[in-house]
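Trainee: Could you pick a single part of this model and take me through it up close? I'd like to follow who packs against whom, rather than get a quick tour of the whole thing.

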Amino acid sequence: DCPKNMRLVFKQLFNDVAGKFSAADENMGYLAISSFLFLRYFSAAVLSPKLFGLHPAHPQIRTARTLTLIAKVLQKIGNFVTLVDSSKEAYMAYLEPLIAENVPKLRSYLDELIRFDAKGTFLAPKRAVLNPTTPMLSGYLRKRRAESLGTGFVPITFRKRYFRL
């Protein structure tokens, strides 16, 4: 369940980008939304599961490589790329049918994300994967910031933030 404010931002972003670049490509509005979602949330959570509280420790090297490949596939779907460049990424060529199959599904998901009725209230997605009241993940994150005082000593401050996904 996406927060209403984010859905409003996505709708405005879609309208602005689609209005400006509609002649160039019909996917530009969708690309703007999916780039934000995939780069900031989905790929970041896959690549850094400890930071999102999905795993208690950083992944081992082999696992990290697998997570990187998963993030690449997610990013290709998010960028609406249906063909894999076999000269650069021959190892991903066998995933081309999977990517091509899921690009239209992403587009329909983004349509549902920014859909609203005449009163301006957002309509619920047609199908929900999870119960909207059940969080997939929640807990505390520690925000770290280092500040230099000019003395060479760098104190580190931590702020505890609660999140719900």
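Mentor: Before the angles come up, here's how they work: a helix axis is a line fitted to the C-alpha atoms over the stretch in contact, and an angle runs from 0 to 180 degrees between N-to-C directions. Keep in mind too that this is a predicted model.

Let's take α2, after a quick bit of context. The chain has four helices and two strands, and along the sequence they come as α-α-α-α-β-β. Of its 165 residues, 24% count as buried. For contacts with a separation of 6 or more, 45% are between residues 24 or more positions apart.

Now, α2 covers 28-47, and it is one of the helices that each give at least two residues to the largest nonpolar core. That core has 18 residues, and Ile-33, Leu-37, Ile-99 and Leu-110 touch the most other members. The top contributor is α4, with five residues. As a background rule, nonpolar side chains in soluble globular proteins tend to be buried together.

Zoom in on Ile-33. Leaving out residues up to four places away in sequence, its partners are Phe-10, Leu-13, Phe-14, Leu-110, Leu-113 and Ile-114.

Next, look at how α2 sits against α4. The two axes are 11 Å apart and the helices pack at about 95°, so α2 and α4 are roughly perpendicular to each other. On the α2 side you'll find Tyr-30, Ile-33, Ser-34, Leu-37 and Phe-38, meeting Leu-106, Arg-107, Leu-110, Asp-111 and Leu-113 of α4. By class, that contact splits into seven nonpolar, one polar and two charged residues.

The α3 packing has another geometry. Here the axes of α2 and α3 come within 9 Å and cross at roughly 170°, which means α2 runs roughly antiparallel to α3. From α2, the contact uses Leu-31, Ser-34, Phe-38, Leu-39, Ser-43, Val-46 and Leu-47, and from α3 it uses Leu-67, Thr-68, Ile-70, Ala-71, Leu-74, Gln-75 and Gly-78. Class by class, you get nine nonpolar and five polar residues, with no charged ones. Ser-34 and Phe-38 are listed here, and they also turn up in the contact with α4.

Gln-75 is worth a pause. This residue lies in α3 and has a relative accessible area of 16%, so it counts as buried; the cut-off for that is under 20%. Setting aside neighbours within four places, Gln-75 is in contact with Phe-38, Leu-39 and Ser-43, and those three are among the α2 residues of the α2 and α3 contact.

Just ahead of α2, check out Asn-27, which is in the loop between α1 and α2. Asn-27 has a relative accessible area of 18%, so it is buried as well. Beyond four places in sequence, Asn-27 touches Phe-80 and Arg-107; Arg-107 is one of the α4 residues that meet α2. The C-alpha atoms of Asn-27 and Phe-14 are separated by 9.8 Å, with their positions 13 residues apart along the chain.

One last stop at Leu-113, which is in contact with Ile-33. Cys-2, from the segment before α1, touches Leu-113 along with Arg-7 and Phe-10. In sequence, Cys-2 and Leu-113 are 111 residues apart, yet C-alpha to C-alpha they are 7.8 Å apart. Phe-10 is a partner of Cys-2 and of Ile-33, which brings us back to α2.

Technical notes:
Residues numbered from 1 in each chain as written. Predicted model: local features only at pLDDT ≥ 70, side-chain atom pairs only at ≥ 80, totals over all residues. Heavy atoms only, no water. Buried < 20%, exposed > 50% of the residue type's maximum accessible area, 1.4 Å probe, protein only. Contact = heavy atoms within 4.5 Å. Core = buried A, V, L, I, M, F, W, Y, C linked by side-chain atoms within 4.5 Å. Parallel < 35°, antiparallel > 145°, perpendicular 65-115°, else oblique. Nonpolar A, V, L, I, M, F, W, Y, C, P; charged D, E, K, R; others polar.
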